[in-house]
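Visitor: Can you walk me through this one? I'd like the ground rules first, then the details.

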Amino acid sequence: MGNRGMEELIPLVNKLQDAFSSIGQSCHLDLPQIAVVGGQSAGKSSVLENFVGRDFLPRGSGIVTRRPLILQLIFSKTEYAEFLHCKSKKFTDFDEVRQEIEAETDRVTGTNKGISPIPINLRVYSPHVLNLTLIDLPGITKVPVGDQPQDIEYQIKDMILQFISRESSLILAVTPANMDLANSDALKMAKEVDPQGLRTIGVITKLDLMDEGTDARDVLENKLLPLRRGYIGVVNRSQKDIDGKKDIRAALAAERKFFLSHPAYRHMADRMGTPHLQKVLNQQLTNHIRETLPSLRSKLQSQLLSLEKEVEEYKNFRPDDPTRKTKALLQMVQQFGVDFEKRIEGSGDQVDTLELSGGARINRIFHERFPFELVKMEFDEKDLRREISYAIKNIHGVRTGLFTPDLAFEAIVKKQVVKLKEPCLKCVDLVIQELINTVRQCTSKLGSYPRLREETERIVTTHIREREGKTKDQILLLIDIELSYINTNHEDFIGFVIRRGWLTINNISIMKGGSKEYWFVLTAESLSWYKDEEEKEKKYMLPLDNLKIRDVEKGFMSTKHVFAIFNTEQRNVYKDLRQIELACDSQEDVDSWKASFLRAGVYPEKDQLWIFRI
């Protein structure tokens, strides 16, 4: 393939992208692309606008980019823009482009700052650009605003991961220079899916806003946190420049002057700045497309053969044949049953690797959400003690008792057991909702037959709702059975073992031996750790009284997931440590240990709610 052929690679992939977007699916092809990732106010929008030389992206406070924007830059002698959803209209006023992006975003997501994974396709033709395709993703956020759901952070992360997890995606990780690189959200997420840094290109913005006497030379020279494709520094317009409508070309000239005059960057000025970044991205994307072409061609040919075979089957098709109609109907209904069973049981060849679904979500409700709802049933210890005192005195009556009567114990316990009804019924509601969602996902294949799909959903949903009533009756009956007899010989009263497993104590200083792995045993009364699973050499036993749990953020360079145990009375938990940080290999292990601690009565600190991603 000659140079001319190489230059046509990006427009070719653009055509594929447009074709798949217009029919509403991707044909399971991972097209080569560059995904732009960064936190809010990292300067992503300014970088993209500098490429085009125009102000055309929405701006404001909070989450501005709420749908992925597939931005296709195409070199042309004339300058205009067009959207895939209104292809007949050419935009020459870039203020109208911004308004159209905002209107199209609100059309799908509403005006309450919600987000959607459905992309907006925008093409910009200009003499000032190189052929380039980028996907601008929503900025990583921590705090919900407006009417946004409480789990907005996880929604955005899931959406970003859907794009950057693909091996065919290059990741443009945008990080401001005036924050610690080790805390960069963009680089953290890139490292999750690209641990070797092979697909990641680092962009450092706001170099002109660093504290006096500091610079990002080590980062830009790829010494601090090395990436195979390196880092490029840029200087964007300030908010004052943007408000004052400062010309982007003047800003690019100022950027060039900054790098040439700065003592830390002048030796690498030719490898810095927006024009160089655009040139590098054009070259990297072209090379990346060339590398992925063989597998792309093979997938296309395989799908083409499959479609041709399917077409062959329809050559002698007689749509009015009643036996064929009946057979097709039965096949579709049977396939629905198979798909539903696979989603719930977790079997099948189409395993979703991007998010939890079906049975896995129901499992999480049982093992994480339900214990969390139980923890929320807080009681006031003073009120409980007062109730116990009144119960004992009322049962003794005029007599003065020497021992605590069983009736007093039963009266108090039964009052607490009754409180289980609400979270148990809520658990049923959550499971029912997941089952209904699974039904809707499985009937999506019946989209060509709306009445059949509607009837299938109605019949199955009605059956689930009928079972819901009987399930709730059964749960209430079980609670009533528990209330009828309190078994004080149960193992819960004698400190049984709740969990065993390996954990690493993460916060022991190097001078005292550093982090070390131990075999932990959690009972209803204590947490002990041993040298190994033989449980012969006990290292320490920690009573569970006054202990609580808090989350600990994972370090940038660490692969471990960490949570901490601390004493609410500010006492040392172990030796001279106010808290012990316990590390697991995965977030699932952390959540599982947390659920075990809940059973032992060790709860999260009050100002820290665990958000379970259901």
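Guide: Sure. Helices (H or I, at least four residues) and strands (E, at least two) are DSSP runs, numbered from the N terminus. This is a predicted model, so local features need pLDDT of at least 70 and side-chain atom pairs count only at pLDDT 80 or more, while totals for chains, interfaces and linings use all residues. Residues are numbered from 1 along each chain as its sequence is written, and side-chain values use heavy atoms, with hydrogens and water left out.

Visitor: Fine. How many helices and strands does the protein have?

Guide: There are 17 helices and 17 strands. Of the 614 residues, 42% are buried, where buried means under 20% relative accessible area, exposed over 50%, and partly exposed in between (1.4 Å probe, protein chains only).

Visitor: Which residues of helix α16 meet in a salt bridge?

Guide: R465 and E468, with their side chains 3.0 Å apart, N to O. A salt bridge here is a side-chain nitrogen of Lys or Arg within 4 Å of a carboxyl oxygen of Asp or Glu. Both residues lie in α16, 3 residues apart, about one turn of the helix. An α-helix has 3.6 residues a turn, so residues three or four places apart point the same way.

Visitor: And is E468 buried or exposed?

Guide: E468 counts as buried, at 12% relative accessibility, whereas R465 is partly exposed at 40%.

Visitor: What about salt bridges elsewhere?

Guide: The whole structure has 30 of them. One joins E535 and R500, with the closest N and O atoms 2.6 Å apart. E535 sits in the loop between β12 (526-530) and β13, and R500 in strand β10 (residues 497-505), so the pair ties together parts that are 35 residues apart in sequence. E535 is partly exposed at 24%, and R500 is partly exposed at 44%.

Visitor: Got another?

Guide: K560 and D585 form one, their closest N and O atoms being 2.8 Å apart. K560 is in the loop between β14 and β15 (561-567), and D585 in the loop between β16 (579-584) and α17 (587-599), so this pair ties together parts 25 residues apart in sequence. D585 is exposed, with a relative accessible area of 57%. There's also a network: salt bridges that share partners join D429, R465, E468 and K472.

Visitor: Those strands keep coming up. What order do the 8 strands of the open sheet have?

Guide: The order is β13-β12-β11-β10-β16-β15-β14-β17, with mixed pairing. β13 (538-543) and β17 (603-604) stand at the edges with a single partner strand each, so one side of each is left without a neighbour in the sheet. Two strands pair if DSSP finds at least two bridges between them. β17 pairs with β14 (residues 547-552) in the parallel sense over 2 bridges, and P604 in β17 is the bridge partner of I549.

Visitor: Switching topic: which residues of α5 are buried?

Guide: I152, E153, Y154, I156, M159, I160, F163 and I164. Their cover includes β1 (33-38), β6 (132-136), β7 (169-176) and α6 (185-193).

Visitor: Last one. Which residues form a nonpolar patch on the surface?

Guide: L477, L478 and I481, with about 270 Å² of accessible area together. Accessible areas come from the Shrake-Rupley method with a 1.4 Å probe; for residues, only the protein chains shown count as cover. Patches are made of residues with over 30% relative accessible area and no salt bridge, with like charges joined within 9 Å and nonpolar side chains (Val, Leu, Ile, Met, Phe, Trp, Tyr) within 5 Å. L477 belongs to α16 (residues 450-484) and is partly exposed at 44%.

Note on methods: Contact means heavy atoms within 4.5 Å.
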